[in-house]
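Let's take a walk through this one, with the viewer open beside you. We'll go from a helix to the ligand, and then out to a few loops.

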Amino acid sequence: MSRPVVLVTGGSAGIGAACVELAAQKGYDILLNYNSDLNGANAARVSAEAHGAHVILVQGDVSKPQDVDRIYDTLDAEFGAMHALINNAGIVGQKAKLVDMDYARIARMFEVNLLGAVMMAQGAAQRLRSGGSIINISSAAARLGSGNQYVDYAASKGAIDTFTKGLSDELAPQGVRVMAVRPGLIETDIHAKGGEPDRAERLAHMVPMQRTGSAMEIARSVLWLMSQDASYITGSALDVTGGR
Ligand code: NAP
């Protein structure tokens, strides 16, 4: 029996790397996309291979249409079919008010977090068959708005939630489910990349559960939504936020 295949974008770090590891444990083979962090991608590959997964790495910036084409060309050549997309790659900017953001920053936010995710989902929609799924990694920011922090990021994730609902309606008749997961404050390097390494820990007191979450806690929700245990769920956004 061949193993199902999942394509994970941004699988070289944080939530994406946790999804790679758990997907391998659950019996998936993996096309692991990364952008700049080859070492991180290799580490995620090694952990997945330890669980028996066949893993192929593919570099690509999801915001570039030619890279998206190359990612799917690799999928078609190496695996021939796919069963799920974990649409995870994303960026955040430095904490700032809107009046202090320049065009380049705002455009980049939407290019990666929204256009990239939409183009990746388009490739998946062309390939997924009945039983397949797309999990879009949104954010609690989509609900909270992130005023005085990064409204550009929050707006990009709000659009992901809307996109999730619309695409789920399009693909439901062919048996493909589309969901979003909205992580809360999760311990990954994304906060350091946005200039605030201690952000998650510093804001943990605002979480009803009084703690940050782990990347693996997000991965467990993602893999559950992909599974047949979630077979009557589509179009939903699941908050994984400790109650925030
Ligand atoms: P992370 O540790 O910074 O990892 C981000 C991943 O995305 C890396 O693998 C990175 O690849 C990849 N990536 C970034 N830009 C890319 C691009 N243009 N093309 C392809 N890959 C790209 O972040 P994370 O915390 O795991 O975040 C993962 C997702 O969860 C994001 O969508 C984020 O918005 C969302 N999220 C995170 C939190 C949180 O608290 N951590 C909360 C809510 C939502 P390279 O390193 O190889 O460049």
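**A walk around the ligand**

His191 counts as buried, at 9% relative accessibility; here buried means under 20% relative accessible area, exposed means over 50%, and partly exposed is in between (1.4 Å probe, protein chains only). You'll find His191 in helix H7. Helices (H or I, at least four residues) and strands (E, at least two) are DSSP runs, numbered from the N terminus. For a sense of distance, the C-alpha atoms of His191 and Asp76 are 34 Å apart in space, with the two positions 115 residues apart in sequence.

A quick word on where this comes from: the model is predicted, so local features need pLDDT of at least 70 and side-chain atom pairs count only at pLDDT 80 or more, while totals for chains, interfaces and linings use all residues. Residues are numbered from 1 along each chain as its sequence is written, and side-chain values use heavy atoms, with hydrogens and water left out.

Now stay with H7 and look at the ligand. H7 gives the most to the shell around the ligand, with 3 residues. The elements that give two or more residues to that shell are helix H1 (14–25), strand S2 (29–34), helix H4 (103–127), helix H6 (151–171) and H7 (190–193). Which residues come nearest? Of the 34 around the ligand (each with a heavy atom within 4 Å of it), the nearest are Ser12, Ser36, Tyr153, Thr188 and Lys193. Sorted by class, the shell has 13 nonpolar, 15 polar and 6 charged residues. In that count, Ala, Val, Leu, Ile, Met, Phe, Trp, Tyr, Cys and Pro are nonpolar, Asp, Glu, Lys and Arg are charged, and the others, Gly among them, are polar.

Zoom in on the N and O atoms next. In the side chain of Ser12, an N or O atom is 2.7 Å from an oxygen atom of the ligand. Asn35 uses its backbone: an N or O atom there lies 3.0 Å from a ligand oxygen atom. With Val62, a backbone N or O atom lies 3.0 Å from a nitrogen atom of the ligand. The protein buries 95% of the 890 Å² that the ligand exposes when taken alone, with areas from the Shrake-Rupley method and a 1.4 Å probe.

Time to step out to the loops. Asp189 is in the loop between strand S6 (177–183) and H7, and Asp189 is exposed, with a relative accessible area of 54%. Asp189 and Leu98 are 91 residues apart along the chain, and their C-alpha atoms are separated by 23 Å.

Two other loop residues have backbone angles to look at. Asn148 is not a glycine, yet its phi is positive, at about 70 degrees. Asn148 belongs to the loop between helix H5 (141–144) and H6, where it is partly exposed at 48% relative accessible area. Gln210 also has a positive phi, near 65 degrees, in a residue other than glycine. Look for Gln210 in the loop between helix H8 (199–202) and helix H9 (215–226); at 53% relative accessibility, Gln210 counts as exposed.

Finish at the start of the chain. Ser2 is in the segment before strand S1 (5–8). Is Ser2 buried or exposed? Ser2 is exposed, with a relative accessible area of 71%. From Ser2 to Tyr28, C-alpha to C-alpha, is 9.3 Å in space, and the two are 26 residues apart in sequence.

Definitions and conventions: A polar contact is a pair of N or O atoms within 3.5 Å; within protein, one must be able to donate a hydrogen and the other to accept it, and residues adjacent in sequence count only if both atoms are side-chain atoms.
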